[in-house]
Amino acid sequence: MNPDKRSVSSKELCGRVKRITYADPGSGYTVMKLSAEESGEEVTATGNIPGLSAGERLRLEGRWVTHPRYGRQFEASGYSREAPVTEDGIEKYLGSGLIKGIGPVTARRIVKHFGS
């Protein structure tokens, strides 16, 4: 085990990507803020997850670690992407720049038009 990281717990974390803090396009290594589904808490998650956008829903497999500089974070060893299901998630996903020509304003209009 890496002496700079201490395992705190393990298993699975599901949530929606709030924002990308850092992304290395070469390796796919990503640091993100994730809104955890179970607790609603905003947590930091890391892992090799290329091409992420705000609003995407993820199911991460990995472990909780304590980084000596950045504190508690979820270190993902595996992941799966899931389609956003809430209006807010769909709006963030559409407005993330993933689709050329659709920004936050257009995304809001689309969701408002087709929403509940």
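Glu 61 stands opposite Gly 78 in strand 5, and this pair is a convenient place to enter the structure, which is a predicted model. The two strands concerned, strand 4 and strand 5, pair in the antiparallel sense, with 11 bridges between them, and they form a hairpin in which three residues lie between one strand and the other.

Seen as a whole, the protein chain contains two helices and five strands, and reading from the N terminus the order of these elements is β-β-β-β-β-α-α. Its C-alpha atoms fill a box of roughly 50 × 30 × 20 Å along the principal axes. Of the contacts in the chain with a separation of 6 or more, 44% link residues 24 or more positions apart.

Strand 5 also has a partner in strand 3, to which it is joined by two bridges, and here the two strands run parallel. Within strand 5, Phe 74 is the residue that stands opposite Ala 45. Gln 73 is likewise found in strand 5, and it counts as buried because its relative accessibility is 6%, where the cut-off for that class is under 20%. Leaving aside neighbours within four places in sequence, the contacts of Gln 73 are Thr 44, Thr 46, Arg 63, Trp 64, Val 65 and His 67.

From strand 3 the path leads on to strand 2, since strand 2 and strand 3 pair in the antiparallel sense over seven bridges, with Gly 47 in strand 3 serving as the bridge partner of Thr 30. These two strands form a hairpin with five residues between them, and in its turn Gly 40 has a positive phi of about 80 degrees. Strand 2 is largely enclosed by the rest of the structure, because six of its eight residues are buried.

The next matter is the packing of nonpolar side chains. In soluble globular proteins, nonpolar side chains tend to be buried together. The largest nonpolar core in this model has 14 residues, and the members that touch the most other members are Leu 13, Met 32, Leu 34, Leu 60 and Phe 74. Strand 1 (6-23), strand 2 (29-36), strand 3 (42-48), strand 4 (57-67) and strand 5 (71-82) each supply at least two residues of this core. Leu 60 shows what such a position looks like in detail: not counting residues up to four places away in sequence, Leu 60 touches Lys 11, Glu 12, Leu 13, Leu 34, Ala 45, Ile 49, Phe 74, Ala 76, Gly 78 and Tyr 79.

Turning from the core to the surface, buried residues make up 34% of the 116 residues in the protein chain, while the chain exposes about 7300 Å², of which carbon and sulfur atoms supply 51%. Among the side chains, 18 are positive and 14 are negative, and the centres of these two sets lie 5 Å apart.

The route ends at Gly 115, which is placed in the segment after helix 2 (104-114). Gly 115 counts as partly exposed because its relative accessibility is 29%, a value that falls in the class between the buried limit of under 20% and the exposed limit of over 50%. Not counting residues up to four places away in sequence, Gly 115 touches Glu 87 and Ile 110. Measuring C-alpha to C-alpha, Gly 115 and Ala 54 are 19 Å apart in space, and in sequence they are 61 residues apart.

Terms used
Residues are numbered from 1 along each chain as its sequence is written. This is a predicted model: local features need pLDDT of at least 70, side-chain atom pairs count only at pLDDT 80 or more; totals for chains, interfaces and linings use all residues. Side-chain values use heavy atoms; hydrogens and water are left out. A nonpolar core is a set of buried Ala, Val, Leu, Ile, Met, Phe, Trp, Tyr and Cys residues joined through side-chain atoms within 4.5 Å. Buried means under 20% relative accessible area, exposed over 50%, partly exposed in between (1.4 Å probe, protein chains only). Helices (H or I, at least four residues) and strands (E, at least two) are DSSP runs, numbered from the N terminus. Contact means heavy atoms within 4.5 Å. Accessible areas come from the Shrake-Rupley method with a 1.4 Å probe; for residues, only the protein chains shown count as cover. Lys and Arg count as positive and Asp and Glu as negative; His and the chain ends are not counted. The place of a charge is taken as NZ of Lys, CZ of Arg, CG of Asp or CD of Glu. Two strands pair if DSSP finds at least two bridges between them.
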